[in-house]
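Biologist: Before the labels attached to this structure are accepted, the reasoning behind them should be set out. Please justify each one in turn.

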Amino acid sequence: ADTVRMTVTEVREDNTRNLSFEFLSGNRHIDFHDAEGYRGNPIIIQFLERDIRDMSLATGGSSDYFRNRIRKSFAAPQIRTLRISLDGQGMDAVEVMVTPFVNDPNIDKFQRYSQKRYEFIFAEEVPGGLYRIHTLVPADDAIEIEEQLTFSRVTDAG
């Protein structure tokens, strides 16, 4: 368990935002640069960049290779609608799931990740739009790696 925090430091006239980040802590901490004039939610990219770095370190594989496989997998995602609950309030959401390494012609080099899947749950009512990111690496009849980043709350710093 750890914390990812995004702070909106300024809302600009064009409705973009300046942001700062605290991404994990201790030896897992990653120093992501502040973002200026940002639209969307950069936590998704940060989560994926950390995941890509970890896969690259674990396998000796190229981070560009993993990044490109993940990017290309979004061309044919599995999408479903569902209901989630946040602070006791039910809301409509959309789950986008990708399996970037299924049918990968080079998977023999990264067999551990052949069935890895990424699940992203988005809900308009959640600030920033992102409710959860979940990754799963199955192994035989068990789970080898499972990670989850879930929206918790908005706090007022001022």
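**Labels and their grounds**

Modeller: Lys72 counts as exposed, since its relative accessibility is 61% and the label requires over 50%. The residue lies in helix α2, which spans residues 63-73. Please note that this is a predicted model.

Biologist: How confident is the predictor in the protein as a whole?

Modeller: The mean pLDDT of the protein is 91, and 99% of its residues reach 70 or more. Confidence is lowest in strand β1 (residues 4-11), with a mean of 87, and highest in strand β6 (residues 117-122), at 97.

Biologist: What makes α1 oblique to α2?

Modeller: The axes of helix α1 (residues 43-59) and α2 cross at roughly 130° and come within 9 Å. Angles over 145 degrees count as roughly antiparallel and those from 65 to 115 as roughly perpendicular. The crossing angle fits neither range, nor is it under 35 degrees, and therefore α1 is called oblique to α2. The crossing of the two helices is right-handed.

Biologist: Which residues make the contact between these helices?

Modeller: From α1 come Leu48, Glu49, Ile52, Met55, Ser56 and Thr59, and from α2 come Ser63, Phe66, Arg67 and Ile70. By class, the contact has 5 nonpolar, 3 polar and 2 charged residues.

Biologist: Why is Ser56 called buried?

Modeller: Its relative accessibility is 17%, and buried means under 20%; Ser56 therefore counts as buried. This residue lies in helix α1. Leaving aside residues up to four places away in sequence, Ser56 touches Gly61, Ser62, Ser63 and Phe66.

Biologist: What is noted about the phi of Leu24, and how do you know whether that residue is buried or exposed?

Modeller: Leu24 has a positive phi of about 65°, although it is not a glycine. The residue lies in the loop between β2 (17-23) and β3 (35-38). With a relative accessibility of 17% against a limit of under 20%, Leu24 counts as buried.

Biologist: Asn103 also has a positive phi without being a glycine. Is Asn103 buried or exposed, and why?

Modeller: Asn103 has a relative accessible area of 74%. Exposed means over 50%, so Asn103 is exposed. Asn103 lies in the loop between β5 (89-98) and β6, and its phi is about 65°.

Biologist: How far is Lys72 from Tyr131 in sequence and in space?

Modeller: Lys72 and Tyr131 are 59 residues apart in sequence, and their C-alpha atoms are 23 Å apart in space.

Notes. Residues are numbered from 1 along each chain as its sequence is written. This is a predicted model: local features need pLDDT of at least 70, side-chain atom pairs count only at pLDDT 80 or more; totals for chains, interfaces and linings use all residues. Side-chain values use heavy atoms; hydrogens and water are left out. Helices (H or I, at least four residues) and strands (E, at least two) are DSSP runs, numbered from the N terminus. Buried means under 20% relative accessible area, exposed over 50%, partly exposed in between (1.4 Å probe, protein chains only). Axes are lines fitted to C-alpha atoms, for helices over the stretch in contact, and angles run from 0 to 180 degrees between N-to-C directions. A crossing is left-handed if the near helix is turned anticlockwise from the far one by less than a right angle, and right-handed if clockwise. Contact means heavy atoms within 4.5 Å. Ala, Val, Leu, Ile, Met, Phe, Trp, Tyr, Cys and Pro count as nonpolar, Asp, Glu, Lys and Arg as charged, and the others, Gly among them, as polar. pLDDT is the predictor's confidence in each residue, from 0 to 100.
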